Amino acid sequence: MTSSDPSPEHALEAPGLSWSGTVDYGPGPLHAPNSLAELQELVGRSPRLRALGTRHSFSEVAASDGPLVTLARMPADIDLDAAARTVRVGAGVRYGELALAAAEHGLALPNMGSLPHISVGGASATGTHGSGDRHRSLASAVQAIELVTAGGDLLTLSRDGDPESFDGAVLALGTLGIATHLTLDLVPAAPMRQTVHLDFPAERMTSEDLLAMLAGGSSVSLFHHWDGRIAQAWVKQVVGEDEELPASWLGGTRAREAVHPLPGMPADFCTDQSGQPGPPHERLPHFRLEFTPSSGEEIQSEYFVAREDLAEALAAVSDLGAQIRPLLHASEIRTVAADDLWLSPAHGRDSACVHFTWKQLPAQVAQILPEIEQRLAPFAPRPHWGKVFTMDPDLVRAQYPRLEDFQALRDRLDPDRVFRNRYVDRLLGE
Ligand SMILES: Cc1cc2nc3c(=O)[nH]c(=O)nc-3n(C[C@H](O)[C@H](O)[C@H](O)COP(=O)(O)OP(=O)(O)OC[C@H]3O[C@@H](n4cnc5c(N)ncnc54)[C@H](O)[C@@H]3O)c2cc1C
């Protein structure tokens, strides 16, 4: 920050590191405006600026060689319209807090990611998803987005009012402006139960059986270690809608006590697995808001493939099992329904997600990823924008049929590339 900076009171020192400690956000400074007016003034005078959410991405999507801005000091608005089943929420609000507010009105988010700790703005910007054959990415619940665009103007785009640009604006990797508020769809909070089945035999790795496991509830996660079988199936069911699973199901056995998806981690970090009905926000995420999610000492990677290709894609990677296992905490398989968002990894394709929670061994992970990506290549994988991958940018871009439309929208809203960073330049072009 220079002495001529007109608003030194809301500029902090340096942005620091990501949640996992593996991404350095750069020299900063990190600005923390207290109000919309301060944010607009900041954007208006900034030739370069990147938004920072709750710092949970593993890729360099948020990093910058210039200033960043956090909305952490902006009012955490949660304006809920129970009759319309919508909520207008500050972009910096975490899903866990939003879900609690919705629950007070008997309402819920259509789906949640594995952790409730992430911000609505940051998760929407990267296409964060939960699991479920019928559940789309979390950003698909957004029906309006309010952005401070280059120059400092406030622009509101809505699903109904701006059909020609909205699908490009919700999931935009922070490139179109700083989102201040998002309006989301809510659904009635139907009670859910969660159970875990363990140790599925190797012969259940067929396409038919894997898809049957993933269809076992409204939201299902399969955990495995590339040893040719599924170790844990976490099944989240809507009470009264999904059929309760028998103790022995598709060769797996119902867990007698709670488990953590990562070996050696305490199960009390996790949401209830007893089968007791509870509110969706206490069943859909794997991890409880008041505890550290996952391991902390980790790196994550994830690739979306067509759902019908899942078994073949897993088989293609499986010959790397002996190399993958020493680097791995656990792998997870989830499903996401197709959506229309231009940069969504689930764009136009019912997807299965092949996920890796790596130990914090960045050099070894960087070595094995190209091997994995080479084996996944025949299945046209789309990497999660917020996780680590090494795919050639041309191959990534080729997976997005609406990319040209997105570039035109970006040219219109940010012609001088105020919101660019190296990651975006490399993957989307300058
Ligand atoms: C333990 C753990 C579990 C995870 N589980 C899942 C999961 O279940 N499913 C999944 O899909 N992902 C998962 N992730 C990844 C994570 O959800 C995404 O990377 C998500 O983007 C993180 O949100 P954030 O608020 O931390 O955003 P950040 O990482 O801080 O930022 C991500 C991007 O959003 C942009 N951004 C942030 N705020 C704004 C804003 N106000 N306006 C404009 N742009 C903005 C940033 O510029 C950046 O480009 C997990 C991550 C961790 C650490």
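Reader: Which residue in strand 3 is the bridge partner of Ala51?
Author: This is a predicted model: local features need pLDDT of at least 70, side-chain atom pairs count only at pLDDT 80 or more, and totals for chains, interfaces and linings use all residues. Residues are numbered from 1 along each chain as its sequence is written, and side-chain values use heavy atoms, leaving out hydrogens and water. Strands (E, at least two residues) and helices (H or I, at least four) are DSSP runs numbered from the N terminus. In strand 3, Ala51 has as its bridge partner Val69.

Reader: How many bridges join strand 2 to strand 3?
Author: Strands pair if DSSP finds at least two bridges between them. Strand 3 covers residues 68-70 and runs parallel to strand 2. The bridges joining them number 3.

Reader: Which strands stand at the edges of the open sheet of 3 strands?
Author: The order is 1-3-2, with parallel pairing. Each edge strand has a single partner, so one of its sides has no neighbour in the sheet. The edge strands are strand 1 (30-31) and strand 2.

Reader: Which strands stand at the edges of the open sheet of 9 strands?
Author: The pairing in this sheet is antiparallel. Its order runs 14-15-11-13-12-17-18-16-19. Each edge strand has a single partner strand, so one side is left free of a neighbour in the sheet; these are strand 14 (248-249) and strand 19 (382-383).

Reader: What is the bridge partner of Glu302 in strand 18?
Author: Strand 16 and strand 18 (residues 351-359) pair in the antiparallel sense over 9 bridges. In strand 18, Glu302 is partnered by His355.

Reader: How many residues surround the ligand?
Author: A residue counts if one of its heavy atoms lies within 4 Å of the ligand. The closest are Ala51, His56, Ser57, Ser119 and Arg334. By class (nonpolar: Ala, Val, Leu, Ile, Met, Phe, Trp, Tyr, Cys, Pro; charged: Asp, Glu, Lys, Arg; polar: the others, Gly among them), the shell divides into 15 nonpolar, 18 polar and 5 charged. The residues around the ligand number 38.

Reader: Which residue has a backbone N or O atom 2.8 Å from a nitrogen atom of the ligand?
Author: Polar contacts pair N or O atoms within 3.5 Å. The side chain of Ser57 places an N or O atom 2.7 Å from a ligand oxygen. A backbone N or O atom of Gly53 is 2.8 Å from an oxygen atom of the ligand. For the ligand nitrogen, the residue is Ala179.

Reader: What percentage of the ligand's accessible area does the protein cover?
Author: Areas come from the Shrake-Rupley method with a 1.4 Å probe. On its own, the ligand has 970 Å² of accessible area. The protein covers 98%.

Reader: Which element gives the largest share of the shell around the ligand?
Author: Elements giving two or more residues are strand 2 (50-52), helix 3 (120-126), strand 9 (178-185) and strand 16 (298-306). The largest share is 5 residues, from helix 3.

Reader: Which strand gives the most to the lining of the largest cavity?
Author: A cavity is a set of points on a 1 Å grid over the protein atoms alone where a 1.4 Å probe fits but cannot get out; lining residues have an atom within 4 Å of a point. The structure holds 2 cavities of 30 Å³ or more, and the largest has a volume of about 50 Å³ (the space filled by probe spheres set on points joined across faces, edges and corners). Its lining includes Arg193, Thr195 and His197. With 3 residues, the top contributor is strand 11 (residues 192-198).

Note on methods. 1 Å grid on protein atoms, 1.4 Å probe; cavity = no way out; pocket = protein on both sides within 12 Å on 5 of 7 lines; lining within 4 Å. Polar contact = N/O pair within 3.5 Å; in protein donor to acceptor, adjacent residues only side chain to side chain.
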